[in-house]
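User: Could you take a close look at the salt bridges in this structure with me? I am new to this and would love a guided tour of one part.

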Amino acid sequence: MPNAPLSGRKVIELGTMLAAPFASHILAQLGAEVIKVEPPRGDPTRSLVRGGPSGTFIAYSHGKKSVCIDLAHPDGHAAFLKMLETADALVHNLAPKAARKLKLTRADCQAVNPRLIYCHIRGYADGPQADDLASNPVAEASTGVMEANRINGRPSRLGPSYHDQFAGAYAVIGILASLLQPQTATDGGHVEIGLYETGLHVASRDLVGVQLKTQLLGRPEREPHGEFSMPGYGAYLTSDERWMYLLMLTDAHWLKFCQALDLPQAADASLASLKDRKKAREQVEEIVKAAVGAHRFDDLVARLKAAGVGCTEVLPLERVLDAEQARQAGTLRNVRYRDLAFDVPEFPRLHASDDGVQTLPPPDLGEHTLDVLQAAGLSPDECEALMESGAVSAIRSGDFAWAPVRRQA
């Protein structure tokens, strides 16, 4: 059985909502011990759904230990620094001002543990907006994504917080890169990820594309909509009212599609090249729409797959995990929380089904406070004093209950 690549590494997460918790989630799935440090009221994702934890918390905090510390309390702060002494990495997404106020800057933390990899996910990297706050929608708005995504004419967020998750993934890349550097064993490392800069990088294809069009055409020409520029690449409705998404990237794809559905356009030289199909976009879209709409979904899938045409159904969330592909070994992990069971997608990796990476149920707030502090070197008496002072908190039974669903009679 392969060894988990980060087995034996200890990561402390000081994060809320998504970016930092997502980063440490990946590290946990690679075998690291992750200790989630939370304030007295807990990560806000603990109370987003009917008074209890949200899908974000359950999906990205299983496998972690929870320690509840009031970092504004001097004794709580000291206890946190004690934990840092034996950590390999700290991942946090505090605002820069908050990090300075809590005395948790890179200099503060590496003074306690010089070999610590210090990873800060912040709104903006160094620059005139270094102290500005940012969130996932702010990154979308400021990097060109939101302007093209409109609902009833109003620029709107995409929905999923992809920029937060990209920033978390970039943070993991930075931490792994630091672990590869020989000097990290003595000098630690510094990883800093700006949410805004992450958004710029994700949008670089489109940002460079508009520059290219401007220089070639003398104007910043854009595609007419958010779909791909290739006509026939998109979602179309079948005769039994199921949405089919077609992959239509190349001239070969177009020819295979036409042949699979016995379309006369297979022999139409005027539509054989992508350049010509772009010029006849509306005509091509009508051809594809009518061809798909003439078939029931199952028949269409059979024809297209037999011809080697890429396609898939546009699925609602409640049906996604029913797919046979999603049920392959190592793709999902059964996670229990309270009296509920969840199928949670794994971080995709080779040997995920047998690499020995274990998980824990999503932790209750402060569930591991005393165990972690004692492992860090604090005595039971010292831990008890911290509890009595309010500097730290341990698990509290019945700290939340999901509000019951009101069913209509």
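Analyst: Happy to; what follows is a walk through a few charged pairs, beginning with one that joins two strands. Keep in mind that this is a predicted model. A search of the whole structure turns up 24 salt bridges, and a good place to start is the one between Glu13 and Lys64, where the closest N and O atoms are 2.6 Å apart. Glu13 sits in strand β1 (residues 10–14) while Lys64 belongs to strand β3 (residues 64–69), so this pair ties together parts that are 51 residues apart in sequence. Both partners, Glu13 and Lys64, are buried, and here buried means a relative accessible area under 20%. The pair also has company: Glu13 and Lys64 are linked with Lys36 and Asp43 in a network of salt bridges.

Now let us set another pair beside it. Arg150 and Glu147 form a salt bridge through their side chains, at 3.3 Å from N to O. Are these two residues buried, partly exposed or exposed? Arg150 has a relative accessible area of 44%, so Arg150 is partly exposed. Glu147 is partly exposed as well, with a relative accessibility of 36%.

One further pair rounds off the tour. Asp206 and Arg205 make a salt bridge in which the closest N and O atoms are 3.6 Å apart. That separation fits the rule for a salt bridge, because the nitrogen has to lie within 4 Å of the carboxyl oxygen. As for its surroundings, Arg205 is exposed, with a relative accessible area of 62%.

Definitions and conventions
Residues are numbered from 1 along each chain as its sequence is written. This is a predicted model: local features need pLDDT of at least 70, side-chain atom pairs count only at pLDDT 80 or more; totals for chains, interfaces and linings use all residues. Side-chain values use heavy atoms; hydrogens and water are left out. Helices (H or I, at least four residues) and strands (E, at least two) are DSSP runs, numbered from the N terminus. Buried means under 20% relative accessible area, exposed over 50%, partly exposed in between (1.4 Å probe, protein chains only).
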